[in-house]
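Student: I have a new structure to look at. Can you walk me through it?

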Amino acid sequence: MNFAASILYAMSSSVLLAIVLGFLRGGLTPGSAVASLLAGMAVAIFSLWKGRKSFAAARRPHGWEWFAVGMFAWFSVRAFLWLVTIEGDEIKTVVWNNCGDLSLHLGFIRYLANGAPFWPDSQILAGGKLTYSIGADLFNSLLALI
């Protein structure tokens with residue numbers, strides 16, 4: 001549990017720092033992406049180092065609890081791991097309902113990675129500011145920049 005929390009801390013702190021650097025520099029750059037991701041890694045390492053004593057006495061799952069954990073993992077992998085595959089120059093999806101949403105997310109990732117001025121304009125509404133929560137897309141654009 002501590003490891004999962006540290007990953008979430010790393011992602012959220014990377015995104016927050018990227019937003020601050022995006023406002024200061026006018027957009028995302030490869031340097032700000034590296035700085036944001038390194039800061040997120042530092043937060044994750046600190047949380048793992050600091051939190052190892054606080055979760056030492058946590059009770060481990062037993063019996064049917066392991067079955068529930070396994071079923072959750074299996075359904076999570078089935079639902080999220082197979083959503084998008086890349087074959088050559090084509091991006092394919094298993095579930096055809098995701099086609100509209102997938103292009104929106106890929107568009108936001110590319111738009112932010114190409115140095116969109118902060119706060120970015122909406123890609124859906126002409127002339128409007130972005131009101132969509134871009135946390136995961138901003139993190140993926142940081143990864144695309146490096």
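Tutor: Start with a definition: helices (H or I, at least four residues) and strands (E, at least two) are DSSP runs, numbered from the N terminus. By that rule, Ala79 sits in helix α3 (residues 64-81). This is a predicted model: local features need pLDDT of at least 70, side-chain atom pairs count only at pLDDT 80 or more, and totals for chains, interfaces and linings use all residues. Residues are numbered from 1 along each chain as its sequence is written, and side-chain values use heavy atoms, with hydrogens and water left out.

Student: How many helices and strands are in the protein?

Tutor: The protein has five helices and two strands. From the N terminus on, the order is α-α-α-β-β-α-α.

Student: Back to Ala79. Is it buried or exposed, or something in between?

Tutor: Ala79 is partly exposed, because its relative accessible area is 38%. Buried means under 20% relative accessible area, exposed means over 50%, and partly exposed is in between (1.4 Å probe, protein chains only). Ala79 also lies 10.0 Å from Val94, C-alpha to C-alpha, with their positions 15 residues apart in sequence.

Student: And what share of the residues is buried?

Tutor: Of the 146 residues in the protein, 25% are buried.

Student: How much area does the protein expose?

Tutor: About 10,300 Å², with carbon and sulfur atoms supplying 70% of it. Accessible areas come from the Shrake-Rupley method with a 1.4 Å probe, and for residues only the protein chains shown count as cover.

Student: Which residues make the nonpolar surface patch?

Tutor: Phe3, Ile7, Leu8, Met11 and Leu48 make a patch of about 450 Å². Patches are made of residues with over 30% relative accessible area and no salt bridge, where like charges are joined within 9 Å and nonpolar side chains (Val, Leu, Ile, Met, Phe, Trp, Tyr) within 5 Å. A salt bridge is a side-chain nitrogen of Lys or Arg within 4 Å of a carboxyl oxygen of Asp or Glu.

Student: Which helix gives the most to that patch?

Tutor: Helix α1 (residues 2-25) does, with four residues. Leu48 belongs to helix α2 (residues 30-51). Phe3 lies in α1, and its C-alpha is 6.8 Å from that of Leu48, although the two are 45 residues apart in sequence.

Student: Why does Phe3 count as exposed, and Leu48 as partly exposed?

Tutor: Phe3 counts as exposed because its relative accessibility is 55%. Leu48 counts as partly exposed because its value is 32%.

Student: New topic. What is inside the largest nonpolar core?

Tutor: The core has 16 residues, and Leu28, Leu112, Phe118, Leu138 and Leu142 touch the most other members. A nonpolar core is a set of buried Ala, Val, Leu, Ile, Met, Phe, Trp, Tyr and Cys residues joined through side-chain atoms within 4.5 Å. Two or more residues each come from α1, α2, α4 and α5, and α5 gives the largest share, four residues.

Student: What does Leu112 touch?

Tutor: Leaving out residues up to four places away in sequence, Leu112 touches Leu28, Phe118, Pro120, Ile134, Asp137, Leu138 and Ser141. Contact means heavy atoms within 4.5 Å.

Student: And Ser36, which residues does that one touch?

Tutor: With the same sequence neighbours left out, Ser36 touches Ser14, Leu17, Ala18, Leu21 and Leu142. Ser36 is in helix α2 and counts as buried because its relative accessibility is 0%.

Student: How many aromatic pairs are there?

Tutor: Six. Rings of Phe, Tyr and Trp (its six-membered ring) pair if their centres lie within 6.5 Å; planes under 30 degrees apart count as stacked, over 60 as edge-to-face and the rest as tilted. Six pairs meet this rule. In one of them, Phe23 and Phe118, the ring centres are 5.8 Å apart and the planes are at 70°, so the pair is edge-to-face. This pair links distant parts of the chain, with Phe23 in helix α1 and Phe118 in the loop between α4 (99-113) and α5 (135-145), 95 residues apart.

Student: Are those two buried or exposed?

Tutor: Phe118 is buried, because its relative accessible area is 13%. Phe23 counts as partly exposed because its value is 47%. Ring pairs also link Phe23, Phe118 and Trp119 into a cluster.
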